[in-house]
Amino acid sequence: MRLWSQDFDAGPGWKKAHVPILVSTNFRVVFEAVRSKVDYYYGIDDLTIYDNACEPDDSCDFEEDVCLWSKEGGDSDSKFYWTRYRSYEKTASFAPAIDHTRQSATGYYMFVQASLDNAGSVARLYSQVFASSSSSYCFNFWYYMFGNNLGQLKVFVRNSISSSSIYNEADLWELDGPTNDGWNLAQVNISRDYTRKPFVVIIQATIGSTLQGAFGVDDTQFEMSDCGTHPSAAIVTADVLMLPDCNFDDGTMCDWSVVGSWKYTFVVTETGGAIPFDHNGGSHHVYMDASGQKFNTTAQLASPTFISDQHICLSFYYAMYGRDVNRLNVYVAQGQTQKLYWTLSGNQGEGWHHQTMEIGQGPQPTQ
């Protein structure tokens with residue numbers, strides 16, 4: 001009987017998992033790893049089986065531990081990082097008098113103090129990896145921001161789990177501090193544009209100019225539903241998710257995806273064959289072979305969905321070589337509308353050719 005399964009990249013570092021076991025007879029637990037077509041690593045450590053119900057994965061009050069949150073991926077040299085803390089310890093300046101859950105000085109929460117590092121330093125708190133879903137998520141938490149010229153608190157979502165680049169993240173919620181010396185409710189809507197692939201939520205605190213202040217987070221909860229942004233001052237007017245840069249040299253499609261017939265499709269291939277060299281001197285490029293296919297058979301290479309209220313420049317290199325080469329088209333899709341932006345027909349000779357184009361659109365999901 002299968003109790004739990006993950007079929008996506010969980011990113012670097014160790015992740016914690018809870019698996020309920022509901023049996024009334026003798027049993028044993030078996031872990032199974034299934035190899036994919038590319039190289040991945042699997043690891044298991046610190047196993048515990050105990051007589052009790054599992055803590056819910058979708059909420060955390062930090063009273064017992066940090067649940068499935070982690071600091072993984074942060075700057076290891078920084079002194080500015082999230083830690084589980086309670087005001088009873090009285091070792092930190094600008095800390096709240098009580099936590100939010102218990103309304104007590106003995107209750108725990110996540111805390112970071114600005115005086116521990118330099119202006120502009122960031123501390124990041126990473127959620128568990130959520131599986132892809134057809135539903136939006138509402139992320140609720142209580143935050144504390146108090147001090148002089150404190151800095152900023154932000155919430156990001158990341159779909160490219162193993163990437164540490166900020167260009168693979170969308171800024172969904174941000175607030176400049178300070179607010180007050182109490183706990184305040186935050187709501188963040190994570191739309192289906194982001195949940196259609198596995199995703200991670202990141203809470204980031206940034207130190208302001210005076211190094212006097214502190215941030216706190218308590219009672220986090222994820223719900224599968226839509227919600228508005230709260231407070232309204234935290235609304236981000238425009239964000240960019242996964243600007244679709246890719247040179248394919250790591251042997252993957254980055255966050256681009258293939259649409260169309262499996263017989264006539266894009267693949268990442270090593271340099272050689274019909275295209276004997278890579279444009280930038282690297283080892284891989286995206287390639288498709290039309291040999292043996294029916295006339296006008298199509299395949300599409302689609303970017304991730306991203307949002308911007310500014311004009312975007314698309315730059316790419318292409319190779320179109322062969323007697324019977326047909327057409328190469330570039331479309332921009334917004335909602336149910338798809339517009340042809342560029343097309344080129346026929347044999348263009350050997351080698352790579354450069355093309356740029358400006359894509360102008362309003363602040364809506366674009367692909």
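In this predicted model, Arg84 has Met110 of strand 3 as its bridge partner. This contact belongs to the pairing of strand 2 (residues 83-86) with strand 3, which is antiparallel and extends over 4 bridges. The report begins with strand 3 and then turns to the disulfides, an open sheet, the aromatic residues and Thr220.

## Strand 3 and its partners

Strand 3 covers residues 108-113, and 6 of its 6 residues are buried, so the strand is largely enclosed by the rest of the structure. In a regular strand, side chains alternate between the two faces of the sheet. For strand 3, one side carries Tyr108, Met110 and Val112, the other Tyr109, Phe111 and Gln113, and both faces are covered.

Strand 3 also pairs with strand 10 (residues 212-223); the two run antiparallel and are joined by 4 bridges. Within strand 10, Ala214 stands opposite Gln113. Arg84, already named as the bridge partner of Met110, has a further relation to strand 3: its charged end sits over the ring of Tyr108, 3.7 Å from the ring centre.

## Disulfides

A disulfide is a covalent bond between the sulfur atoms of two cysteines. The count for this model comes to 2 disulfides. They are set out below.

| Disulfide | S to S distance | Torsion about the S-S bond | Handedness |
|---|---|---|---|
| Cys60 and Cys67 | 2.1 Å | 85 degrees | right-handed |
| Cys138 and Cys227 | 2.2 Å | about 95 degrees | right-handed |

Cys60 counts as buried at 4% relative accessibility. Its partner Cys67 has a relative accessibility of 16% and likewise counts as buried, because the limit for a buried residue is under 20%.

In the other disulfide, Cys138 is joined to Cys227. Cys138 lies in strand 5 (residues 137-148), whereas Cys227 lies in the loop between strand 10 and strand 11 (257-260), so the pair ties together parts that are 89 residues apart in sequence. Cys138 is buried, with a relative accessible area of 2%. Cys227, at 18%, is buried as well.

## An open sheet of four strands

Antiparallel pairing also builds an open sheet of 4 strands, in the order 4-9-6-7. Strand 4 (122-126) and strand 7 (169-176) stand at its edges; each has a single partner strand, so one side of each is left without a neighbour in the sheet. From one strand to the next, the twist averages 20 degrees.

Inside this order, strand 6 (residues 151-158) and strand 9 (residues 200-207) run antiparallel and are joined by 8 bridges. One of the residues involved is Arg158, whose bridge partner in strand 9 is Val200. Elsewhere, the charged end of Arg124 sits over the ring of Phe156, 5.2 Å from the ring centre.

## Aromatic pairs

A pair of aromatic rings is described by the distance of the centres and the angle of the planes. The model contains 21 aromatic pairs. In one of them, the ring centres of Trp69 and Phe139 are 5.9 Å apart and the planes meet at 35 degrees, so the pair is tilted. This pair links distant parts of the chain, since Trp69 belongs to the loop between strand 1 (59-60) and strand 2, and Phe139 to strand 5, 70 residues apart. Trp69 and Phe139 are both buried.

In another pair, Phe130 and Phe199 have ring centres 5.1 Å apart and planes at 15 degrees, so these rings are stacked. Phe130 lies in the loop between strand 4 and strand 5, while Phe199 lies in the loop between helix 1 (192-195) and strand 9; the pair therefore ties together parts that are 69 residues apart in sequence. Phe130 and Phe199 are buried.

Ring pairs link these residues into a cluster that consists of Trp69, Phe130, Tyr137, Phe139, Phe141, Tyr143, Trp173, Phe199 and Phe222.

## The surroundings of Thr220

Thr220 lies in strand 10, the strand that pairs with strand 3. It is buried, with a relative accessible area of 3%. Leaving aside residues up to four places away in sequence, Thr220 touches Asp58, Ser59, Cys60, Phe62, Trp69, Phe139, Asn140 and Phe141. Among these contacts, Cys60 is a member of the disulfide with Cys67, and Trp69, Phe139 and Phe141 belong to the aromatic cluster.

Terms used
Residues are numbered from 1 along each chain as its sequence is written. This is a predicted model: local features need pLDDT of at least 70, side-chain atom pairs count only at pLDDT 80 or more; totals for chains, interfaces and linings use all residues. Side-chain values use heavy atoms; hydrogens and water are left out. Buried means under 20% relative accessible area, exposed over 50%, partly exposed in between (1.4 Å probe, protein chains only). Two strands pair if DSSP finds at least two bridges between them. A disulfide is a pair of cysteine sulfur atoms within 2.5 Å. Axes are lines fitted to C-alpha atoms, for helices over the stretch in contact, and angles run from 0 to 180 degrees between N-to-C directions. Rings of Phe, Tyr and Trp (its six-membered ring) pair if their centres lie within 6.5 Å; planes under 30 degrees apart count as stacked, over 60 as edge-to-face and the rest as tilted. A charge sits over a ring if NZ of Lys or CZ of Arg is within 6 Å of the ring centre and within 35 degrees of the ring normal. Contact means heavy atoms within 4.5 Å.
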